[in-house]
Amino acid sequence: MHLRTRTRGRVLAAASVVCALTVTLAGCGGTTKNDAKNDDKTAGSDAKADPNAELKKGLKLAFLPKQINNPYEKIVDDAGIAAAKEIGSTGKEVGPSDASASSQVSYINTLIQQRMNAILIAANDPNAVCTSLKNAMKQKIAVVAYDSDTAKDCRQLFINQASSEEIGRSQVKNIAKQLDYKGEIAILSATQNATNQNTWISFMKDELKKPEYKDMKLVKVAYGDDDDQKSFQETQGLLKAYPNLKGIISPTTVGIAAAARYISSSSYKGKVVVNGLGTPNQMRKYVKDGTVEQFALWNPKDLGYLATYAASALASGQITGAEGQKFKAGKLGEYTIGKDGEIILGPPTVFDKDNIDEFNF
Ligand code: RAM
């Protein structure tokens, strides 16, 4: 599994334990078979990878985010589109305004008709998009999942923002320290089908089984659907339903910002801890006003940039998606494809009042 370190900010615990529990937990390791079989379904299909192939110019890349009105997804996709331009190709973003399971299907079908060279998707559901994506691959369109994976045979690569296991476990570790390892916690997630959040939540639940968390209890997983208003209301609902709630983990940038907004102007401020995954720009005011002590994220611009380079390498025949293949991702350097076509951007950063002003995204 490819890992690289970042020096900026505080980097979470080393990720060398990645995939220790793959037998029972989703999202790390998985079911896709070996390289030769992967080769069969690649955009270059019958062709073998040619590491010396030139990166093609004039490729048409389409980003299909979970939803277009999510500020996080916009940062990722804008960076991916800019990277496409940098290498002489073009990128565009299309997508639904809600993150429901099947909302992306019609967009994929249109992108196939438009003869894109690559479709990059942050999947709202691991399976709902599969038939369409398989059609795309049959027609030699490169399919790359980023941010939120599909089932493994429905794409050639998954650009993961960080190790799923590390993201999940660190969310629990971080809030536990803040709570002195005691009390009720809840999770405010995105949609019920989101592959990325569900994978992280399985690791959170597994982490919570360890003896050090015996005095902590996960009372509820609520879903704000990556909708600001719904996330706000779900926060309110959690606090009402669980008067002893001590903390909320929200592993979604939409959810954590809404939860912090609700808590910042309520009597829970300073009493209920909010932690999770957020963008520094959305969270800055809540860190400054003391509602939130810390949260984490990776660099979403780098995620989009890496996704573009990976999709372009695939569409140029440099790689086919098989484990061990390498490609160059511009300023980010060389990456190696891991198991099941997974490429990991790097460890996330924890943001707090001491470093938040160093970041602007
Ligand atoms: C939201 C989305 C996205 C996730 C981030 C952390 O913007 O759910 O998929 O990666 O949060």
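A pocket here is an open set of grid points with protein on both sides within 12 Å along at least five of seven lines, and its lining residues have an atom within 4 Å of a point. Keep that in mind for the first view; everything shown comes from a predicted model.

**View 1. The second largest pocket and the residues around its centre.** Count up the lining and you get 19 residues. Closest to the middle sit Gln67, Asp225, Asp226, Asp227 and Asp228. The pocket's volume comes out at about 270 Å³. Sorted by class, its lining holds nine polar residues, along with five charged and five nonpolar ones.

**View 2. Two domains contribute to the lining of the second largest pocket.** Domain 1 covers 22–161 + 299–346, and domain 2 covers 164–297. Each of them supplies at least three residues to the lining.

**View 3. An open sheet of six strands, with parallel pairing.** Reading across, the order is E3-E2-E4-E5-E6-E14. At the edges you'll find strand E3 (90–93) and strand E14 (342–344), each of which pairs on one side only. Ignoring direction, neighbouring strands in this sheet are turned by 20 degrees against each other on average.

**View 4. Strands E4 and E5 side by side in the six-stranded sheet.** Strand E4 takes in residues 118–121, and strand E5 takes in residues 142–146. The two pair in the parallel sense, over four bridges. For a landmark, look for Ile119, which stands opposite Val143 in E5.

**View 5. Helix H2 lying across three strands.** Helix H2 is made of residues 71–86 and lies across strand E2 (60–64), E3 and E5. Against E3, helix H2 runs at about 160 degrees.

**View 6. An open sheet of four strands, again with parallel pairing.** Here the order goes E8-E7-E9-E10. Strand E8 (216–223) and strand E10 (273–276) are at the edges and have a single partner strand each, so one side of each is left without a neighbour in the sheet. The average turn between neighbouring strands of this sheet is 25 degrees, direction ignored.

**View 7. Strand E7 paired with E8.** Strand E7 spans residues 183–189 and pairs with E8 in the parallel sense. Seven bridges link E7 and E8. One pair to pick out is Glu184 and its bridge partner in E8, Lys217.

**View 8. Helix H8 on the four-stranded sheet.** Residues 253–264 form helix H8, which lies across E7, strand E9 (245–250) and E10. Helix H8 runs at about 165 degrees to E10.

Definitions and conventions
Residues numbered from 1 in each chain as written. Predicted model: local features only at pLDDT ≥ 70, side-chain atom pairs only at ≥ 80, totals over all residues. Heavy atoms only, no water. 1 Å grid on protein atoms, 1.4 Å probe; cavity = no way out; pocket = protein on both sides within 12 Å on 5 of 7 lines; lining within 4 Å. Points joined across faces, edges and corners; volume = space filled by probe spheres on them. Nonpolar A, V, L, I, M, F, W, Y, C, P; charged D, E, K, R; others polar. Domains from an automatic or database assignment. Pairing = 2+ DSSP bridges. Axes fitted to C-alpha atoms, helices over the stretch in contact; angles between N-to-C directions. Contact = heavy atoms within 4.5 Å.
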